[in-house]
Amino acid sequence: MRRRQRLLLLAASSGALLGWTFSPYGGPALPFLAFAPLAVALAALRSDRSAGHPASLAPMALGFATAAVAHGIGLYWMVPALSWRTPLAVPIYLLVLTLIGVVAGAACQAAMFIHGRARWPLPLALACCWTGFEWAAARAPGVPYAWLNAGQSLVWHPSLAAGVEVLGARFMAFWTVMVGAAVAALLASRGTERVRTAAAVAALAGVPAIGGAVRQAGLDGEMSGAGNAVLRGESEVLRVAAVQTGRAQGDLEAWLDPLEELHATGPLDLVAFPERHLPVLLREPGAERPTAAGARVAESARLLGLPVVVGALDAEALPADARDTLWYNAAFLQSPDGTLSAPYRKERLVPGVEGTGWAGSTLGALSRGYAAGRGSRPLVLLDDGTSSSSGGLTRAPTVAPVGVMICYDSAFEATARELMGSGAGWLLVISNDDWLDPQRTFRTTWAYWQHATHARLRAVEHRVPVVQVAATGYTFAVSAAGRGDRRALGPGERGVAVAEVTPSPGGSLYTRTGDLLGLACFAIFALATAWWAIGRPLVRLA
């Protein structure tokens, strides 16, 4: 096999290992090994250049191969999930992989440039540039992509993910990429150098893991203490009924009896229905008058004697042209006394599926034409039975302020951070995954698990309880310590899961500081790419 093919095979091997971490079976060790083959291939290119041999291929090709294979595996579900709706399923899938591969290729090119010109260790250069690539992908205008990131599966092992409460989700990418590349350096080392490299690998992998284990033990102790406080009546606990409705939309009345029975056996504090459970308006555009659907929600809340969060549509007439209307994918809090909150409007729209703008127009066959919401605020039920979605409240809420995120919102750390900064005491993710359709062949895919991963990540990142309620799965709850059932209700199941939530306002250090690590890594990636592109030597930094 020629050298070019061997190097591409190594890069593809990294992609396969990384892609497997996007499955429910990746485990806690694989994320730390996934980038080792790629680092071996990049080091071989550097060795060729040092020996005066012409490079067999560009680092960009290796990065492209790694990312395209990894996300090709992780996003395989796009084809069976979308093909029954549109003939564009396969072209969209290939376009996504191509765009991701190109930017990942640029990250590897930048990493090698820094490694060669600035003499940064390859593990550090690759970790910075790959993390910067993921940060940039999540903020790409029109097509933001934050769905699959390196290392994020560690959140299912919360002691390994403790660092995200300090540095955010980018910590896991930075850490796992650097350890993987360091493992590659260990494999290539000899003699005393191998001893030093082994010690470095042990430190890189072990110090954050040990620190996370200590932190997790403390959090578990705090959760135990909080549980005792709840039993003594010294702390608040909310019982949330999460209704996984299945594919049926718009059905409220059928759930009244089961919910009343649950409420009778153990008092509930809130009922939550999935995203777009009512795919209609609950209030007249530009007015406070309820629609017929809004009246049904109000009556259901009155009969239950409980506040209800429900996903529905919202609309806003444009002042300049009354014939034009902006439509929103929204969530509302309905109080038992008939008061409907201001909406939370989904901020992160799935490119080409929901969004307006150039992406929605280009892929118009899939676009629902929703507008993006702005200014996230938690939904709050006040002590006199009225409700609000704004901060600065002077009355105590009867239910801790809930930060609602709608489906794709949960993949973006900034949305949860904004909600936490506005006073949310816990987060509620509502989603409608019925487009995956688990009743059809090959439709119960990794997408369900990946979506659940994002919800768990937001819990650990902000040290806040999270409840996710989905139309077809997963529906579950996670504590601020990252603990929780793998799933309360799985794909295709229909029922009610009762989650006990202990609100924890205040958030984490990351909540207060933001994604400084991601921004710093992007700056390094962007500067290195610019210098490489214009052919100027990088200023020696080391």
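Modeller: In this predicted model, axes are lines fitted to C-alpha atoms, for helices over the stretch in contact, and angles run from 0 to 180 degrees between N-to-C directions.

Colleague: At what angle do helix H11 and helix H12 pack, and how are they therefore oriented to each other?

Modeller: Helix H11, residues 256–265, and helix H12, residues 292–304, have axes 10 Å apart and pack at an angle of about 30°. Since angles under 35 degrees count as roughly parallel, H11 and H12 are therefore roughly parallel to each other.

Colleague: Which residues of H12 make the contact with H11?

Modeller: The crossing of H11 and H12 is right-handed. From H11, the contact draws on Leu256, Leu259, Glu260 and His263, and from H12 on Ser300, Leu303 and Leu304.

Colleague: How are H7 and H17 oriented, and how many charged residues does their contact hold?

Modeller: Helix H7 (residues 122–137) packs against helix H17 (residues 516–534) at about 110°, with the axes 7 Å apart, which makes H7 roughly perpendicular to H17. Cys128, Cys129 and Trp135 are among the H7 residues that meet H17, whose own contact residues include Leu519, Cys521 and Phe525. The residues of this contact divide into 10 nonpolar and three polar, and the number charged is no residue at all.

Colleague: Why does cysteine 129 form no bond with the closest cysteine sulfur, and how many disulfides does the structure hold?

Modeller: Cysteine 129 is buried, with a relative accessible area of 0%. The closest cysteine sulfur, in cysteine 128, lies 6.5 Å from that of cysteine 129, which is too far for a bond, because a disulfide needs the two sulfur atoms within 2.5 Å. The number of disulfides in the structure is zero.

Terms used. Residues are numbered from 1 along each chain as its sequence is written. This is a predicted model: local features need pLDDT of at least 70, side-chain atom pairs count only at pLDDT 80 or more; totals for chains, interfaces and linings use all residues. Side-chain values use heavy atoms; hydrogens and water are left out. Helices (H or I, at least four residues) and strands (E, at least two) are DSSP runs, numbered from the N terminus. Angles under 35 degrees count as roughly parallel, over 145 as roughly antiparallel, 65 to 115 as roughly perpendicular and the rest as oblique. Contact means heavy atoms within 4.5 Å. Ala, Val, Leu, Ile, Met, Phe, Trp, Tyr, Cys and Pro count as nonpolar, Asp, Glu, Lys and Arg as charged, and the others, Gly among them, as polar. A crossing is left-handed if the near helix is turned anticlockwise from the far one by less than a right angle, and right-handed if clockwise. Buried means under 20% relative accessible area, exposed over 50%, partly exposed in between (1.4 Å probe, protein chains only).
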